[in-house]
Amino acid sequence: MGRTSKDKRDVYYRLAKENGWRARSAFKLLQLDKEFQLFQGVTRAVDLCAAPGSWSQVLSQKIGGQGSGHVVAVDLQAMAPLPGVVQIQGDITQLSTAKEIIQHFKGCPADLVVCDGAPDVTGLHDVDEYMQAQLLLAALNIATHVLKPGGCFVAKIFRGRDVTLLYSQLRVFFSSVLCAKPRSSRNSSIDPDFNQLDGPTRIIVPFVTCGDLSSYDSDRSYPLDLEGGSEYKYTPPTQPPISPPYQEACTLKKKGQLAKEIRPQDCPISRVDTFPQPLVTPQRHSLLAPEMEDNEMSCSP
Ligand SMILES: C[S@@+](CC[C@H](N)C(=O)[O-])C[C@H]1O[C@@H](n2cnc3c(N)ncnc32)[C@H](O)[C@@H]1O
């Protein structure tokens with residue numbers, strides 16, 4: 001696969017590089033802001049699960065005039081520095097990280113808390129949804145300590161089976177909860193079977209799509225020479241991750257030592273039947289990590 005193929009498949013990925021954003025997610029926050037004026041009056045913001053930092057870039061541009069320390073970015077992963085953004089490397093589900101964030105503003109509350117947290121997806125939907133929900137709840141917990149009354153909390157949510165439970169938990173703290181889908185976020189992750197609670201526990205929250213209908217559709221492929229745009233020229237990623245968790249997998253892949261998936265059709269039946277041990281699940285995490293979607297991984301075979 002050539003290095004331009006992802007530019008064709010994912011127009012927001014390509015536009016992010018061309019516009020100097022570290023990840024395509026920047027467009028999601030910008031489209032949300034267009035709809036909800038998220039940054040109006042905001043002087044202090046917390047960006048949870050921030051790496052590689054495109055939301056922090058947006059925040060620092062929108063409220064950066066306030067000076068250094070008004071945007072705090074937190075992630076498990078180390079992140080390349082950004083002007084005006086204070087970084088905390090830590091796990092948002094840990095009390096120590098939560099305390100560090102809370103102490104940062106020295107009692108001055110934040111106006112906005114955002115969280116784009118996503119676990120390393122396993123492909124097992126229930127597990128992935130559960131993990132993502134835990135990130136959201138950890139972020140909510142932090143938000144309840146740092147956010148000013150009337151402040152705004154924006155978080156990624158997987159609309160899985162238990163989404164209504166999350167909505168109810170959010171409604172405990174916020175008078176208004178709504179679900180928004182920016183045009184730059186892909187449809188692929190939507191579970192059509194969501195919202196299975198019923199009775200008094202069922203909460204319906206307004207659903208809003210944002211981003212101009214004439215803007216690019218994140219689920220479509222576009223030709224490299226975009227209509228009305230200038231001639232296509234490949235742009236490398238703005239800021240490759242500085243210490244990604246899949247680094248070791250990249251090194252193994254380069255050396256041809258990465259475990260390969262054994263598909264049943266590739267094995268003669270008699271051999272499969274005689275395996276004394278169950279087949280070990282191959283290590284696929286490096287091929288599924290969502291960060292790879294956003295940050296071109298530079299490990300060619
Ligand atoms: C989709 S990326 C965020 C992209 C980011 N908003 C941007 O615009 O560049 C999800 C991030 O969640 C982080 N993450 C996952 N679990 C975390 C945890 N428990 N604590 C802190 N960060 C976490 C990952 O390290 C990853 O960088």
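Visitor: How do the residues of the shell around the ligand divide into nonpolar, polar and charged?

Guide: This is a predicted model, in which local features need pLDDT of at least 70 and side-chain atom pairs count only at pLDDT 80 or more, while totals for chains, interfaces and linings use all residues. Residues are numbered from 1 along each chain as its sequence is written. With Ala, Val, Leu, Ile, Met, Phe, Trp, Tyr, Cys and Pro counted as nonpolar, Asp, Glu, Lys and Arg as charged, and the others, Gly among them, as polar, the shell divides into 13 nonpolar, six polar and five charged residues.

Visitor: Which of the 24 residues around the ligand come nearest?

Guide: A residue belongs near the ligand if its C-beta atom, placed from the backbone, lies within 6 Å of it. Helix H3 (25-36) and helix H4 (54-63) are the elements that give two or more residues to this shell, helices being DSSP runs of H or I with at least four residues and strands runs of E with at least two, numbered from the N terminus. Those that come nearest are Ser25, Cys49, Ala51, Ser54 and Asp116.

Visitor: Is H4 mostly covered or mostly uncovered, and how many of its residues are buried?

Guide: A residue is buried if 20 or more other C-beta atoms lie within 10 Å of its own, exposed if 12 or fewer, and partly exposed in between. The buried residues of H4, including Trp55 and Ile63, pack against elements among which are H3, strand E1 (45-48) and strand E4 (110-115). H4 is mostly covered, and the number of its ten residues that are buried is eight.

Visitor: Why does Gly53 count as buried?

Guide: UniProt, in an unreviewed entry, places the feature "binding site" at positions that include Gly53 and Asp75, although such annotations may be inferred rather than shown by experiment. Gly53 lies in the loop between E1 and H4, and, leaving aside residues up to four places away in sequence, Gly53 touches Arg22, Ala73, Met79, Ala80, Leu82 and Gln239, a contact being a pair of C-beta atoms within 7 Å. Gly53 counts as buried because the number of its C-beta neighbours inside 10 Å is 28.

Visitor: Which residues does Asp75 touch, not counting residues up to four places away in sequence?

Guide: Asp75 lies in strand E2. Asp75 is buried because 23 other C-beta atoms lie within 10 Å. With residues up to four places away in sequence not counted, Asp75 touches Cys49, Ala50, Ala51 and Gln89.

Methods. Two residues are in contact if their C-beta atoms, placed from the backbone, lie within 7 Å.
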